[in-house]
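Reader: I am a first-year student and should be grateful for a close look at one part of this model. Could you please take me through a helix and its surroundings in a connected account?

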Amino acid sequence: MNDIDAWVWWLVGAAALGIPLVVTAMPEFGMLAVGAVAAAVVSGLGFDTVIQVLTFVVVSVALIAVVRPIAARHGRQRPQLATGVDALKGRQAVVLERVDASGGRIKLAGEVWSARALDTGRAYEVGQEVDVVDIEGATAIVI
C-alpha cells in the first residue's frame with residue numbers, strides 16, 4: 001500500500017463515491033467525489049495529508065452548501081411554458097355535441113375532444129362556449 005501515491009487513493013475514493021451517485025441519483029455523492037478529486041490534485045502537488053483532508057472537507061462542504069440550495073430552488077419552480085394537456089387547461093372550447101355528466105364532444109384547440117361536465121346537474125348545448133378545467137385521459141372536464 002505504501003507503493004501507491006496518495007493522489008491515486010483519492011481518485012479511487014472519488015470513483016467509489018461515483019457509484020452511489022449513479023445508483024441513488026443523490027447529487028451529494030457527486031459533490032463529495034469532486035472534493036476527493038480536489039484532494040488528489042493537492043496531493044499531487046506534494047502537500048501533506050492534513051492539507052489533503054482539509055481540501056476534501058472544504059470543497060465538499062462548499063459545494064453542498066452552495067449547489068444544493070440552488071438545485072432545490074430550481075426543482076421547485078414550475079415550468080414557464082405549459083405544454084401538452086397542461087396547455088389546454090383554462091382554454092375555451094365550443095360544444096359540438098351536447099355535453100353533460102355522461103359525456104359529449106367539444107372542439108378544443110382545433111381538435112375534437114370527448115368531454116363531460118364538471119357539474120353533474122349541468123348540460124351544455126351545441127354552439128355554447130365552455131371552459132376546460134381539467135383533462136382526465138382523453139376527456140376534457142368543462143364548466
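Author: The following account treats helix H3 and its partner H2, and then turns to some residues elsewhere in the chain.

This is a predicted model, in which local features need pLDDT of at least 70 and side-chain atom pairs count only at pLDDT 80 or more, while totals for chains, interfaces and linings use all residues. Residues are numbered from 1 along each chain as its sequence is written, and side-chain values use heavy atoms, with hydrogens and water left out.

Helix H3 covers residues 49-76. Helices here are DSSP runs of H or I with at least four residues, strands are runs of E with at least two, and both are numbered from the N terminus. The 28 residues of H3 reach 40 Å from the first C-alpha to the last, close to the 40 Å expected at 1.5 Å a residue; the expected span is 1.5 Å times one less than the number of residues. H3 has a kink of about 25° at valine 67, shortly before proline 69. The bend at a residue is the angle between axes fitted to the seven residues ending there and the seven starting there.

Gln52, Thr55 and Ser60 are the buried residues of H3. Buried means under 20% relative accessible area, exposed means over 50%, and partly exposed lies in between, with a 1.4 Å probe and protein chains only. The cover over these buried residues of H3 includes helix H1 (6-24) and helix H2 (27-44), where contact means heavy atoms within 4.5 Å.

H2 deserves attention in its own right. Its 18 residues should span 26 Å at 1.5 Å a residue, and its end C-alpha atoms are 26 Å apart, which agrees. Among the buried residues of H2 are Glu28, Met31, Gly35, Ala39 and Ser43. The buried residues of H2 pack against H1 and H3. Just after H2, glycine 46 takes a positive phi of about 100°.

How do the two helices meet? The axes of H2 and H3 come within 8 Å and cross at roughly 145°; axes are lines fitted to C-alpha atoms, for helices over the stretch in contact, and angles run from 0 to 180 degrees between N-to-C directions. H2 passes H3 in a right-handed crossing. A crossing is right-handed if the near helix is turned clockwise from the far one by less than a right angle, and left-handed if anticlockwise. On the H2 side, the residues that meet H3 include Leu32, Val34 and Ala38, and on the H3 side they include Phe56, Leu63 and Val67. By class, this contact of H2 with H3 has 13 nonpolar, five polar and two charged residues. Here Ala, Val, Leu, Ile, Met, Phe, Trp, Tyr, Cys and Pro count as nonpolar, Asp, Glu, Lys and Arg as charged, and the others, Gly among them, as polar.

Some residues outside H3 complete the picture. Aspartate 5 lies in the segment before H1 and counts as partly exposed because its relative accessibility is 44%. Aspartate 5 and glycine 44 are 39 residues apart in sequence, yet their C-alpha atoms are 8.4 Å apart in space. Alanine 25, in the loop between H1 and H2, has a phi near 60°, a positive value in a residue other than glycine. Alanine 25 counts as exposed because its relative accessibility is 62%.
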